[in-house]
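Hi,

Here is the structure I promised to pass on to you. Have a look at it first, and then read my notes below.

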Amino acid sequence: MGRQDRDRRGWLRGAPAPRWVRALPLALTAGVCVTTLASPEPLDLGFLLGAIPPLAVLSYGPAVTAALGAAVVVMLSVPAFQLDRPGQTDVLTVCFVAVLSVFVAFVRRRRDVQLDTERTIAEAAQRAVAPPVPERVGPVRCAGLYRAAQFGTLVGGDFFDVRESAHGVRAVLGDVQGHGLAAVATVSSLLGAFREAVLDQPDLESVAARLDRRLVVDSARVVHAELFATAVLVEFTPDADAVRVLACGHPPPVLLRDGGATEVDVAPWTPLGLGLPGARLVAAVLPLRPGDRLFLASDGVFEARDAAGVFYPLLERLPALAADADPATTADRVWTDVLRHSPTVRDDVTMLVLAPAGPAGPAGAATVR
């Protein structure tokens, strides 16, 4: 998945409480103790102690919450603290709040454990659908980056994969209709078809036809399903000295060469799932030179807009972002720059950077634009 953020959930969405939250009950306890002991006169600060057990619930389990609750009762009862001589009712109220807080902490801890288990299972299932791209597949160095639009998911409407076959390294990057969890079934179906076709089909055109057929068949099972997906497929020769490219309703790859960035000139075809046209697909052939790299991205990159509605200028910024960078660093830099341009990205964002490491071939057939 590229270099994913370690934890995108945030404190209020399931991540562990930050340090300042964990320190609140301890700091309040210490502050009340120091203030009352240092003051020559009794201070009416006992009401503050009632907030300590509830604060502990935010970040601690039942044992620590119970200990802090007991400490509060002791502080109210010890004459040395001079907490304005609280009455029996005040102490009983704090005791009740402390016991209630322990119960809440127990329930919260049990739910946190259950949620962590379910999240681990969900992540394992999603990574089984779209596992991380290896750093190298045959003679090609690879890096993939994925950011799902639906918060808390690892898989959405975008997909990519890189596989080695007897005909060379083959890769796909695409975007299915819709996004989020509703699109995961279609993504899983397409990736399964791609992985089988990579091994069985003799050319890239046949691989695209297999993916198209998969979506047509799946769509026929549901009335008005209208399943379709845009995709770009590439196939490196066994020596990685040339690449063949197909674009089915998807933006073509960007070629990084000699400090510049240009889109590979490929004939556009209809999206997958709509039935490929009668004319046979023909992939564009691009000879590669030493240092060439291919950058593939989803609409989430090309169509990211700033506050004024201006699209992200990928071709203008990509050369500088990719300068002296390996594939993984390039993807990370582009993602950071996209967020700087459009802080509220609302679409799935997918990138795939492929750097051939094989011998270079002669200049030739395909052009770039």
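**Helix H9 and its surroundings**

In helix H9, the buried residues are Leu314, Leu318, Pro319, Leu321 and Ala322. Keep in mind as you read that this is a predicted model.

What covers those buried residues of H9? The cover includes strand E7 (254–257), strand E8 (260–263), strand E11 (293–297), helix H8 (299–302) and H10. Just after H9 you will find aspartate 324, which has a positive phi, near 55°.

**H9 against H10**

Two packed helices are described by the angle between their axes and the distance between the axes. Here, H9 spans residues 314–322 and H10 spans residues 327–341; their axes come within 9 Å and cross at roughly 135°. That angle is neither over 145 degrees, which would be roughly antiparallel, nor in the range 65 to 115 for roughly perpendicular, so H9 and H10 count as oblique to each other. Their crossing is right-handed.

Which residues meet there? From H9 come Leu314, Arg317, Leu318, Ala320, Leu321 and Ala322, and from H10 come Thr330, Arg333, Val334, Asp337 and His341. Sorted by class, this contact has six nonpolar, two polar and three charged residues.

One residue to click on is threonine 330, which lies in H10. Is threonine 330 buried or exposed? Buried means under 20% relative accessible area, and threonine 330 is at 0%, so it counts as buried. Leaving out residues up to four places away in sequence, threonine 330 touches Arg293, Leu318, Leu321, Ala322, Ala325 and Val353.

**Leucine 272**

Next, go to the loop between strand E9 (268–269) and strand E10 (284–287), where leucine 272 is found. Leucine 272 also has a relative accessible area of 0%, so this loop residue is buried. Setting aside neighbours within four places in sequence, its contacts are Ala208, Leu211, Asp212, Leu215, Leu227, Phe228, Ala229, Ala231 and Cys248. Try the distance to valine 216 too: leucine 272 is 56 residues from valine 216 in sequence, but the two are 8.3 Å apart in space, C-alpha to C-alpha.

**How far to trust it**

The protein's average pLDDT is 81, and 81% of the residues score at least 70. Residues 1–8 stay under 50, and the model gives them 25 contacts beyond four places in sequence. Residues 359–369 are also below 50, with 30 contacts beyond near neighbours in sequence. Where pLDDT is low, the predicted coordinates should not be read in detail.

Cheers

Notes
Residues numbered from 1 in each chain as written. Predicted model: local features only at pLDDT ≥ 70, side-chain atom pairs only at ≥ 80, totals over all residues. Heavy atoms only, no water. Helix = DSSP H or I, 4+ residues; strand = E, 2+ residues; numbered from the N terminus. Buried < 20%, exposed > 50% of the residue type's maximum accessible area, 1.4 Å probe, protein only. Contact = heavy atoms within 4.5 Å. pLDDT = per-residue confidence, 0-100. Axes fitted to C-alpha atoms, helices over the stretch in contact; angles between N-to-C directions. Parallel < 35°, antiparallel > 145°, perpendicular 65-115°, else oblique. Left-handed = near helix turned anticlockwise from the far one by under 90°. Nonpolar A, V, L, I, M, F, W, Y, C, P; charged D, E, K, R; others polar.
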